[in-house]
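Me: I am new to this structure and would like to go through it step by step. Could you take my questions in turn and show the reasoning behind each answer?

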Amino acid sequence: MTRSLRRDLYAAGAAVLLVTAAVLVGRRIEDTSRTLFVDWPPLLASWGPHLGPGTPAALLLATATVAYGPALAARLPWRTLLPLTWGTAMAWICSLALIDGWDRGIARRLTTRYEYLQVIDRFDDIPAALRDFTQHILLESPDNWPAHIAGHPPAATLTFVLLDRIGLRGGGWAGMWCITVGATACVAVLVTIRALADESLARRAAPFLVLAPAAVWMGTSADAYFAAVAAWAVALLALAVTRRSLWWAGASGLLFGLTCYLSYGLTLIALIAAAFLVLGRHGIRERPALLVPLLAGLAVVPAAFTLAGFDWWEAYHLLVTRYHQGAGGIRPYGYWVWANLACTVLITGLATAAGLRRTGTALRHRRADTPGRAAETRLALLVSAALLALLVADLSGMSKAETERIWLPFAVWLLPSCALLSHPRAWLTGQVVLALLLNHLLLTGW
């Protein structure tokens, strides 16, 4: 066993200890004071071993991807690899969701009392609903919004309203929308790595993006959809600065604006975007006009919602108040500030813990003597920016619990660190085992 592999295993072992501590301490707190508001800390889940119709498909897909995924990712044409990655990720998410069955696993996820489909009928007059949106955020306000509607800007809810308007009604269509769009986040990350780091690293990352334990929560969660929009905003920015494309810059700005109106917390994606602008600064210097369509595109969605009568800043301040009126004001910061990181281990897997160790090593020993070393350093910078965004979200205290779902948009950018690992099949096997255990032993919810 090499020294590097031994250190990878130490990092994975430390991640196991973190999760174990979060489970044991969380169980103690919940048994004594019941202030965590989760049944199986640190996850919002309950113990419930089960099998389902998705079990055989998940096992078959996982086995095939571990066995053949790394080799196929290395040699397939790039234009073939991208749709194959999307399709396989979507199949993995669906098969895991169907372990709970179609009804509980997909069709009912977005119809519970906390979810977006509960308020579709209140958006019959969309302009009026947007003008009055902030009037229903606080708990004491009349007809206050359910938790997830109050907790997000209205573009999130409006997405499902528009799906309903075009005939894609009900939880089944909403769930499949989130799965189908959410799975494209893998492709966006690959496009970004190829543009700003190296194609070979993107190919090595592909199987880890597909088989991430995060898939357990991507089916079916609106945060999977948010993750994809944010990921494509970043990917188009990478294409804009490397190809000097005004069109990609404008499209990136448009998606960044939409991202901020899907989730308040995703303004932190700006930290990742800033790192990408640093890496692509030569493109900006050669064509500074790229900033014009980027900023113009960025203004479109905020301008549209502001003209419609929705005040983002007012809504955010009201949300902070609403957050502390509910469970968020009771959940202990001293536990969740580190237990959230245990949730991150569970959605990104032990391979990512080892990959982050390699990321740190790549940054400490920055070398540009070969193209491969330089590409690894650039990838490490991308991953580090995502980790920084996640840590800021953690320290803010506005993400206490349920981060296995809420932090999906940041988690997808940590997974590429696995491209730096040796023995990819062994690490992939660990990722698959973790995902299957989580989905078969726990009943997850949000």
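Me: Which helix gives the largest share of the lining of the second largest pocket?
Reply: In this predicted model, the second largest pocket holds about 380 Å³ of space, and of the 14 residues that line this pocket, the closest to its centre are Arg358, Thr361, Ala362, Arg373 and Glu376. At least two lining residues come from each of α1 (3-32), α17 and α18. The largest share, five residues, is supplied by α17.

Me: How many residues of the lining of the second largest pocket are charged?
Reply: Arg, Glu, Asp and Lys count as charged, and Arg358, Arg373 and Glu376 are among the residues closest to the centre of this pocket. The lining as a whole divides into two nonpolar residues, four polar ones and, as the number asked for, eight charged.

Me: Which element gives the largest share of the lining of the largest pocket?
Reply: The largest pocket contains about 1400 Å³ of space, and its lining is made up of 49 residues, of which His148, Tyr323, Glu402, Arg405 and Ile406 are the closest to the centre. Several elements supply at least two residues each, namely β1 (45-47), α6, α16 (312-325), α18 (371-395), α19 (403-406) and β2 (442-444). The largest share is six residues, and these come from α16.

Me: How many residues in the lining of the largest pocket are nonpolar?
Reply: The five residues closest to the centre of the largest pocket include Ile406 and Tyr323, and both Ile and Tyr count as nonpolar. When the whole lining is divided by class, ten residues are charged, 14 are polar and the nonpolar ones number 25.

Me: Is Ser399 buried or exposed?
Reply: Ser399 is placed in the loop between α18 and α19. Leaving out residues up to four places away in sequence, Ser399 touches Tyr323, Asn340, Ala393, Ile406 and Trp407. Its relative accessible area is 9%, and since the limit for a buried residue is under 20%, Ser399 counts as buried.

Me: Is Asp143 buried or exposed?
Reply: Asp143 also belongs to a loop, the one between α5 (126-131) and α6 (147-150). Apart from neighbours within four places in sequence, Asp143 is in contact with Arg122 and His136. Its relative accessible area comes to 58%, and because a value over 50% is needed for the class, Asp143 is exposed.

Me: How is the lining of the largest cavity divided by class?
Reply: The structure holds one cavity of 30 Å³ or more, and the largest cavity contains about 70 Å³ of space. Its lining consists of Ala89, Ile93, Cys186, Leu209, Val210, Ala212, Ala214, Ala215, Met218, Val412 and Leu415, with two or more residues coming from each of α3 (78-97), α9 (199-210) and α10 (215-218). By class there are no polar and no charged residues in this lining, and the nonpolar ones number eleven.

Me: Which helix gives the most residues to the largest nonpolar core?
Reply: The largest nonpolar core has 158 residues, and those with the most contacts inside it are Trp92, Leu96, Phe160, Phe276, Phe410 and Trp413. Trp92, setting aside neighbours within four places in sequence, is in contact with Ala58, Leu61, Ala62, Val210, Leu211, Ala212, Ala215, Val432, Ala435 and Leu436. The helix that gives the most to this core, with 18 residues, is α11 (residues 222-243).

Me: What kind of aromatic pair do Tyr225 and Phe226 form?
Reply: The structure holds 16 aromatic pairs, and the one formed by Tyr225 and Phe226 has a distance of 5.6 Å centre to centre. Tyr225 is buried, with a relative accessible area of 6%, and Phe226 is buried as well, at 1%. Their planes stand at 50° to each other, and the pair is tilted.

Me: What kind of pair do the rings of Tyr335 and Trp338 make?
Reply: Tyr335 and Trp338 are three residues apart in helix α17 (residues 333-364), which means that about one helical turn separates them. Tyr335 is buried, with a relative accessible area of 3%, whereas Trp338 is partly exposed, with 25%. The ring centres are 5.3 Å apart and the planes lie at 75°, so the pair is edge-to-face.

Conventions. Residues are numbered from 1 along each chain as its sequence is written. This is a predicted model: local features need pLDDT of at least 70, side-chain atom pairs count only at pLDDT 80 or more; totals for chains, interfaces and linings use all residues. Side-chain values use heavy atoms; hydrogens and water are left out. On a 1 Å grid over the protein atoms alone, a cavity is a set of points where a 1.4 Å probe fits but cannot get out, and a pocket is an open set with protein on both sides within 12 Å along at least five of seven lines; lining residues have an atom within 4 Å of a point. Grid points are joined across faces, edges and corners, and a volume is the space filled by probe spheres set on the points. Helices (H or I, at least four residues) and strands (E, at least two) are DSSP runs, numbered from the N terminus. Rings of Phe, Tyr and Trp (its six-membered ring) pair if their centres lie within 6.5 Å; planes under 30 degrees apart count as stacked, over 60 as edge-to-face and the rest as tilted. Buried means under 20% relative accessible area, exposed over 50%, partly exposed in between (1.4 Å probe, protein chains only). A nonpolar core is a set of buried Ala, Val, Leu, Ile, Met, Phe, Trp, Tyr and Cys residues joined through side-chain atoms within 4.5 Å. Contact means heavy atoms within 4.5 Å.
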